[in-house]
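Work through the exercises below with the sequence and the 3D view open. Try each task before reading its solution.

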Amino acid sequence: MGEPIETYCDGEVWRNRVRGREALPGEYRTREAAAEVGRSEARVRGVQHVIRSADGRVVERNRYPRRSDELPF
């Protein structure tokens, strides 16, 4: 399994990243908007999605294992 996708606050904007790496493209005004994109990315990659509060605490963890119909051809 790969590294989790994290949704986190960076100053005034919300972003997503692969844990331990630079931010993925996109900035969002709300945690919910960023989390929706992060959730989709985690599903595609078949990894865990970690959502952090504005102060950096983990507030939610979800695991998205790939289903056979989601695997690329």
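**Exercise 1: The overall fold**

Residues 24 or more positions apart account for 31% of the contacts in the protein with a separation of 6 or more. The model is a predicted one.

Task: State how many helices and strands the protein has, and in what order the elements run.

Solution.
- Step 1. Count the elements. There are one helix and four strands.
- Step 2. Read from the N terminus. The order is β-β-α-β-β.
- Step 3. Turn to burial. Of the 73 residues, 32% count as buried.
- Step 4. Turn to the surface. The protein exposes about 5000 Å². Carbon and sulfur atoms supply 46% of that area.

**Exercise 2: Strand pairing**

Task: Work out which strands pair with S1 and S3, and in which sense, parallel or antiparallel.

Solution.
- Step 1. Start with S1 and S2. They pair in the antiparallel sense, over six bridges. Here Thr7 stands opposite Asn16 in S2.
- Step 2. Move to S1 and S3. This pairing is parallel and has three bridges. Glu6 stands opposite Val50 in S3.
- Step 3. Finish with S3 and S4. Strand S4 covers residues 58-63 and pairs with S3 in the antiparallel sense over five bridges. Gln48 has Arg63 as its bridge partner in S4. Val50 stands opposite Arg61 in S4.
- Step 4. Put Val50 in context. Its partners include Glu6 and Arg61.

**Exercise 3: Two hairpins**

Task: For each hairpin, find how many residues lie between the strands and which glycine takes a positive phi.

Solution.
- Step 1. Take the hairpin of S1 and S2. Two residues lie between the strands. Gly11 has a positive phi near 75°.
- Step 2. Look at Glu12. This residue is in the loop between S1 (5-10) and S2 (13-18). Its relative accessibility is 76%, so Glu12 counts as exposed.
- Step 3. Check a distance from this loop. The C-alpha atoms of Glu12 and Ala54 are 9.3 Å apart. Along the chain, the two are 42 residues apart.
- Step 4. Take the hairpin of S3 and S4. Five residues lie between these strands. Gly56 has a positive phi near 95°.

**Exercise 4: Strand S3 and His49**

Task: Decide whether S3 is enclosed or open, then describe the surroundings of His49.

Solution.
- Step 1. Count buried residues. Five of the five residues of S3 are buried, so the strand is largely enclosed by the rest of the structure.
- Step 2. Sort them by face. Gln48, Val50 and Arg52 are on one side. His49 and Ile51 are on the other. Both faces are covered.
- Step 3. Place His49. This residue is in S3, residues 48-52. Its relative accessible area is 0%; burial means under 20%, so His49 is buried.
- Step 4. Find its side-chain partner. The side chains of His49 and Thr7 make a polar contact of 2.7 Å.
- Step 5. List contacts, leaving aside neighbours within four places in sequence. Among them are Ile5, Thr7, Asn16, Ala35, Gly38 and Tyr64.

**Exercise 5: Arg15, a buried arginine**

Task: Find which side chains join Arg15 in polar contacts.

Solution.
- Step 1. Place the residue. Arg15 lies in strand S2.
- Step 2. Apply the burial cut-off of under 20%. Arg15 has a relative accessible area of 18%, so it is buried.
- Step 3. Look for acidic partners. The side chain of Asp10 makes a polar contact of 3.0 Å with that of Arg15. The side chain of Glu27 makes one of 2.6 Å.
- Step 4. Widen the search beyond neighbours within four places in sequence. Arg15 is in contact with Glu6, Thr7, Tyr8, Asp10, Ala23, Gly26, Glu27 and Ala34.

**Exercise 6: Rings and charges**

Task: Find how many aromatic pairs the count gives, and which charged end sits over the ring of Tyr8.

Solution.
- Step 1. Ring centres must lie within 6.5 Å to pair. By this rule there are zero aromatic pairs.
- Step 2. Now test charges against rings. The charged end of Arg17 sits over the ring of Tyr8. The distance to the ring centre is 3.9 Å.

Definitions and conventions: Residues numbered from 1 in each chain as written. Predicted model: local features only at pLDDT ≥ 70, side-chain atom pairs only at ≥ 80, totals over all residues. Heavy atoms only, no water. Buried < 20%, exposed > 50% of the residue type's maximum accessible area, 1.4 Å probe, protein only. Phe/Tyr/Trp six-rings, centres within 6.5 Å; stacked < 30°, edge-to-face > 60°. Lys NZ or Arg CZ within 6 Å of the ring centre and 35° of its normal. Polar contact = N/O pair within 3.5 Å; in protein donor to acceptor, adjacent residues only side chain to side chain. Contact = heavy atoms within 4.5 Å. Pairing = 2+ DSSP bridges. Areas by Shrake-Rupley, 256 points an atom, 1.4 Å probe, with all protein chains shown as cover.
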